[in-house]
Amino acid sequence: PGRDPAADHPARPARNEDAADRATTARRRTSLTDLDQPIYNLVGDRVALGPNRRDQAPLFERWFNDLEVMIPFEFESLSPMTRDATEHALDPGPRNDSRRDFTIYERETNRPIGWANLHRISFAQRIAEFGICIGDRASWGKGYGTEATQLVLDFAFTGLTLNSVLLSVFSYNQRALRTYEKAGFHEIGRWRQAHWIGGRAYDVVFMDCLAAEFVSPVLAKLMP
């Protein structure tokens, strides 16, 4: 009485095959998780830059059609952006050597929060123009734009060995002006009253940054 019937039938040790199967499953899950992670080209303290991805088109389409996001960057006329047009913007086809495009990620969450680019690149003259937009409004005012700008400048000067990067910004976009100044750009001139919006004219501000004025935050550590 009181004897444990299970004592007559001790538990069978787990088969080595079972342990191996569990390990294989764990590895597969890890691999899938790794594949879901964004690819980073340049990694800063709080943001990172990676290649554009066509599967991000729904998110970019939302940003392109958000007038609060786009009005500060509007050059000619605001226009609705279709999904097809968005996908083409993210994946225009064969590589264009005159531009480099990046998605900006918040490192803490791996969320895409905007985009940045170098365009009109001339390797003969060692120059390019710069553009950036933080499309995720919840990410405004956190310094992400400043760090992303510095990463793109690092890519331009240290990676591509360019000498001068130019940008233009409307005088009413004070947030962008502060960001560019913090990142290392300097105002070099204005096209006065060259942009008309909201019933009045604004200046187009031109700013540049030279390689000699810039200290690499990331890529210099990777160079031989």
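Two strands count as paired if DSSP finds at least two bridges between them. Keep that in mind as you click around this predicted model.

**Stop 1: the sheet.** Switch to cartoon view and select residues 47-50 together with 100-106. These are strands β2 and β3, which run antiparallel and are joined by four bridges. Show A48 as sticks and look across: Y105 in β3 stands opposite.

Now zoom out to take in the whole sheet. It is open, has eight strands in the order β1-β2-β3-β4-β5-β6-β8-β7, and its pairing is mixed. Colour 42-43 and 186-197 to pick out the edge strands, β1 and β7, each of which pairs on one side only.

**Stop 2: the helices on the sheet.** Select 144-159, which is helix α5. This helix lies across β1, β2, β3, β4, β5, β6 and β8, and runs at about 45° to β2. Next comes α6, which also packs on the sheet and touches β5, β6 and β8. The direction of α6 makes about 160° with that of β6.

**Stop 3: aromatic rings.** How many aromatic pairs does a search of the whole structure find? It finds 13. Start with F60 and W115, a tilted pair with 5.9 Å centre to centre and 35° between the planes. F60 lies in helix α2 (residues 57-64) and W115 in strand β4 (residues 111-122), so this pair ties together parts that are 55 residues apart in sequence. Both residues, F60 and W115, are buried. Add W63 and F64 to your selection: with F60 and W115 they form one aromatic cluster.

Then jump to Y172 and Y202. Their ring centres are 4.8 Å apart and their planes sit at 75°, so this pair is edge-to-face. Y172 is in the loop between β6 and α6, while Y202 belongs to strand β8 (residues 200-210), 30 residues apart. Are these two buried or partly exposed? Y172 has 23% relative accessibility and counts as partly exposed, whereas Y202, with a relative accessible area of 19%, is buried.

**Stop 4: a charge over a ring.** Select W140 and R175. R175 lies over the face of W140, at 4.3 Å from the ring centre.

**Last stop: cysteines.** Select C133 and C209. C133 counts as buried at 3% relative accessibility, and C209 does too, at 0%. If you go hunting for disulfides, the structure holds zero.

Technical notes. Residues are numbered from 1 along each chain as its sequence is written. This is a predicted model: local features need pLDDT of at least 70, side-chain atom pairs count only at pLDDT 80 or more; totals for chains, interfaces and linings use all residues. Side-chain values use heavy atoms; hydrogens and water are left out. A disulfide is a pair of cysteine sulfur atoms within 2.5 Å. Buried means under 20% relative accessible area, exposed over 50%, partly exposed in between (1.4 Å probe, protein chains only). Rings of Phe, Tyr and Trp (its six-membered ring) pair if their centres lie within 6.5 Å; planes under 30 degrees apart count as stacked, over 60 as edge-to-face and the rest as tilted. Helices (H or I, at least four residues) and strands (E, at least two) are DSSP runs, numbered from the N terminus. A charge sits over a ring if NZ of Lys or CZ of Arg is within 6 Å of the ring centre and within 35 degrees of the ring normal. Contact means heavy atoms within 4.5 Å. Axes are lines fitted to C-alpha atoms, for helices over the stretch in contact, and angles run from 0 to 180 degrees between N-to-C directions.
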